[in-house]
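Q: Could you take me through a close look at how the two chains meet? I would also enjoy a short tour of a pocket afterwards.

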Amino acid sequence: MKRTLLTGIATAALTATGALAQVDQNAPQGGEMVVTYQDDVATLDPAIGYDWQNWSMIKSLFDGLTGYEPGTTTLRNELAESHEISEDGLTHTFTLKDGIVFHNGREITAEDVKYSLERVTNPGTRSPGAGFFSMIEGFDAWNAGEGEGLSGVEVIDDKTVEITLSRPDATFGHVMALNFASIVPREAVEESGEDFGREPVGSGAFRLAEWTPGQQLVFERFEDYHREGVPKLDQVTFSIGLDPTVALLRLQSGETDIPGDGIPPAQFLQVMNDPAQSERVVEGGQLQTGYITLNTQMAPFDNVEVRKAVNMAINKDRIVQMINNRAVPANQPLPPSMPGYAEDHEGYAYDPEAARQMLADAGYPDGFETELFVMNVDPNPRIAQAIQQDLSEIGVTAEIRSLAQANVIAAGGEADQAPMIWSGGMAWIADFPDPSNFYGPILGCAGAVPGGWNWAWYCNEEIDARAAEADAMTGEGQQDAREEAWRQIYLDIMEDAPWVPVFNEQRFTLHSEGVGGDDALFVDPVHIPVNYDYVHSTEAR
Amino acid sequence: MGAYILRRLFESALILLGITFVTFVLLYLVPADPARQIAGRSATAETVANIRDQLGLNDPLFVQYGRYLWNLAQGDMGRSYLQRAEVADLIAARLPASLLLMLSAIVTELVIGLTIGVVAALRRNRPVDHSLMIFSFVSISAPQFVIGILLLYVFAVKLAWFPIGGYGTAAHFVLPSLTLGLLGAGWYSRMMRSSMIDVLGQDFVRTARAKGLAKLRIVTRHVIPNAILPIIAMIGIDIGLFMSGIVVVESVFGWPGIGQLAWQAIQRIDIPVIMGVTMVSAAAIVIGNLLADLAAPLIDPRIKTK
């Protein structure tokens with residue numbers, strides 16, 4: 001098994017000349033690959049698709065103005081030739097590359113950029129990602145269904161588009177790299193209407209050649225792709241409907257190349273203990289944190305000492321062991337692969353003795369009774385039981401409420417429903433590799449609203465102000481200062497202990513001998529399970 | 001006969017209407033917000049409110065149900081919340097695969113079940129009978145998921161006789177049909193066995209034997225045709241059993257049927273799809289029962305339709 005550290009790669013990519021160190025430019029072109037999935041693909045409309053399965057498929061079918069260096073979290077220009085930011089950080093000018101075309105052969109112009117951004121923010125589109133664009137001037141009116149479009153997006157000429165923001169925002173480059181900001185051709189969208197998600201037309205490295213519902217999708221290499229020599233593969237076939245266990249059997253018999261749903265927990269040890277298989281497993285970090293929320297508006301978790309005591313009561317190593325070491329213990333909200341992660345932070349060490357004392361000092365010498373909400377899919381109920389056991393060590397009796405995902409989410413969105421929630425299976429994986437993405441919806445005041453994702457109902461206005469300040473640091477030399485500001489924000493949040501950060505999941509991608517490429521491509525932080533555009537066939541040429 | 005069919009069809013329509021109502025109310029009462037599911041993780045409260053508003057999820061239950069029925073009456077099953085595709089198209093694309101699987105599972109369970117039942121009855125209380133009944137007991141009790149994986153492992157992975165899941169050729173049908181059919185085969189073998197034993201003890205069989213007819217002829221001409229009658233009526237009821245079975249079997253074998261569609265829709269509270277699949281399954285069960293009732297008098301003239 002090979003380990004790949006994202007942070008290492010990201011730094012290497014920044015310092016290496018050309019920044020493409022990890023992509024083999026000489027990788028052979030041609031061949032094909034088969035990826036299996038259990039669930040059918042919901043949609044391939046970039047304005048709508050928002051699950052981890054279609055996320056990277058859409059990335060291969062569509063392009064935005066910006067994107068990422070393969071296998072890293074480093075931003076780069078995609079359809080944009082250049083991206084200039086004004087002194088005040090409010091005006092972003094994008095110039096498009098020459099000769100970029102959609103799959104239907106039409107050249108992409110600045111009008112398409114305006115149309116695409118207005119489409120995703122149009123309330124009629126019902127895009128789950130509309131809110132990401134709230135920093136664009138005129139968003140509020142347009143998203144409320146008023147006006148003629150996004151006033152902040154202006155077409156200067158065929159190749160140039162100027163986007164004005166209502167507030168400086170250092171994450172704007174990342175936002176423009178989200179699938180939701182993909183450039184789509186108006187004529188194809190209008191022709192397909194609601195069915196655009198079934199008949200996608202983009203400008204990505206692949207185009208959709210065939211879609212048999214419930215059976216398979218076939219992606220074919222787009223000959224006129226704007227990057228020379230990309231994609232490496234001629235064809236990617238997604239075989240749909242296979243149970244992960246069966247998908248693994250197929251891989252073992254050489255019929256498929258990548259089990260898209262990963263290695264099933266029950267087969268994990270078997271695969272890892274078999275040298276022939278484990279050498280084809282690539283391990284990497286994920287922009288994910290699993291945590292327990294402590295509802296700061298419900299007694300007794302409104303007492304910070306109680307929250308700290310609970311933080312010290314949880315034996316994270318044991319929980320990590322329980323899931324076969326498919327994660328690393330966490331002590332802060334940010335995962336290790338995220339810029340801003342505090343390397344030296346020690347967090348609350350496991351110490352049930354001290355926790356019990358702390359609880360007694362806080363006025364609960366005999367502990368208390370509470371409820372722990374959890375999603376009812378393995379391994380989450382087992383993890384909840386471990387947490388329950390740890391809590392009983394300090395005298396806290398937690399009743400486990402194991403429910404369907406949607407029900408847990410609904411309970412977390414109410415101020416007085418769920419005292420504790422184990423986030424596993426639901427939250428939180430970053431939408432883009434920027435530290436701010438772990439704040440707003442899940443720890444900021446904006447998320448502490450009915451139906452929100454801030455299940456700890458934690459709202460610290462001082463920190464909210466500092467977060468806004470950090471995101472306004474858009475200057476070129478301010479990157480380090482901004483990262484430091486965010487690092488401090490998360491450490492200060494942990495002083496208030498609204499969460500118990502438990503672990504950061506690791507990714508384990510298994511692939512056949514038929515596909516190759518740098519390990520980073522198999523644990524690409526923005527393409528799950530793999531970067532379809534850059535992996536190559538070992539049988540090609 | 002015509003009036004009977006009409007009356008049964010009318011009753012069936014009422015049953016289906018009742019099922020739509022119960023399902024709709026249940027989905028309404030589930031403490032989860034479909035708009036939340038559509039909006040995804042990072043959506044702002046405004047985005048969720050906008051989605052809820054556009055889908056009419058703020059309206060009272062009866063307004064929503066009325067609207068659903070009104071559209072349904074015009075042949076519009078709505079669009080999937082998540083896939084945005086027409087529910088009718090989604091179901092139409094997947095129904096043939098499920099129906100074919102059911103058909104081949106019915107054939108499988110009848111062939112296996114009836115054969116075992118006949119042999120066991122003729123070798124009553126002998127070792128053959130006992131081992132066959134143990135087999136049928138196991139096939140009734142074993143979870144279909146386990147049987148499916150086991151068959152796949154042995155016959156597809158190890159022996160490579162059949163493809164590892166998927167859909168398309170005749171070879172793809174064998175293992176899923178077997179998995180789905182084994183449960184019914186267990187039931188049928190037990191029913192056929194007791195039915196056979198029952199008929200074997202009847203006067204007309206003794207008469208036939210007294211006439212000096214060959215044993216094989218007695219069994220094939222007189223015993224089996226009479227013993228099989230009560231079984232036929234069961235096939236209609238079976239369809240309900242299959243409807244629950246295909247959810248599991250389709251998922252194991254990657255069968256592109258409505259069972260998978262239903263399972264995925266339920267997980268994400270995709271109400272229009274859940275409603276559509278429920279209705280189609282309910283219709284299949286109702287029609288299956290109707291056909292079984294209609295077929296009964298054709299097979300056994302003693303039964304009359306009223």
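A: Happy to help; here is the interface, followed by a pocket and one residue of chain B. Please keep in mind that this is a predicted model.

Let's start where the chains meet. On the chain B side, 45 residues are in contact with 46 residues of chain A. Together the two chains bury about 3,700 Å² between them, and carbon and sulfur atoms give 51% of that area. Three residues stand out here: B:R41, B:R84 and B:I164 supply 23% of the area that chain B buries against chain A, more than any other three residues. As for charge pairing, the rule finds 2 salt bridges across the interface. In a salt bridge between A:D40 and B:R94, the side chains meet at 3.0 Å, N to O.

Now for the pocket. The second largest pocket holds about 1,300 Å³ of space. Its lining is made up of 40 residues, and A:L75, A:A170, A:H174, A:Q479 and A:R482 lie nearest the centre. In chain A, the elements giving two or more residues to this lining are α1 (6-15), β4 (75-77), β5 (80-85), α5 (172-175) and α17 (479-496). Sorted by class, the lining has 17 polar, 13 nonpolar and 10 charged residues.

Last comes the single residue. B:R7 sits in helix α1 of chain B, which covers residues 2-29. With a relative accessible area of 43%, B:R7 counts as partly exposed, because that class lies between 20% and 50%. From B:R7 to B:I218 there are 211 residues in sequence and 40 Å in space, C-alpha to C-alpha.

Technical notes:
Residues numbered from 1 in each chain as written. Chains lettered and ligands numbered in written order. Predicted model: local features only at pLDDT ≥ 70, side-chain atom pairs only at ≥ 80, totals over all residues. Heavy atoms only, no water. 1 Å grid on protein atoms, 1.4 Å probe; cavity = no way out; pocket = protein on both sides within 12 Å on 5 of 7 lines; lining within 4 Å. Points joined across faces, edges and corners; volume = space filled by probe spheres on them. Helix = DSSP H or I, 4+ residues; strand = E, 2+ residues; numbered from the N terminus. Nonpolar A, V, L, I, M, F, W, Y, C, P; charged D, E, K, R; others polar. Buried < 20%, exposed > 50% of the residue type's maximum accessible area, 1.4 Å probe, protein only. Contact = heavy atoms within 4.5 Å. Buried area = accessible area lost by both parts, 1.4 Å probe. Salt bridge = Lys/Arg side-chain N within 4 Å of Asp/Glu carboxyl O.
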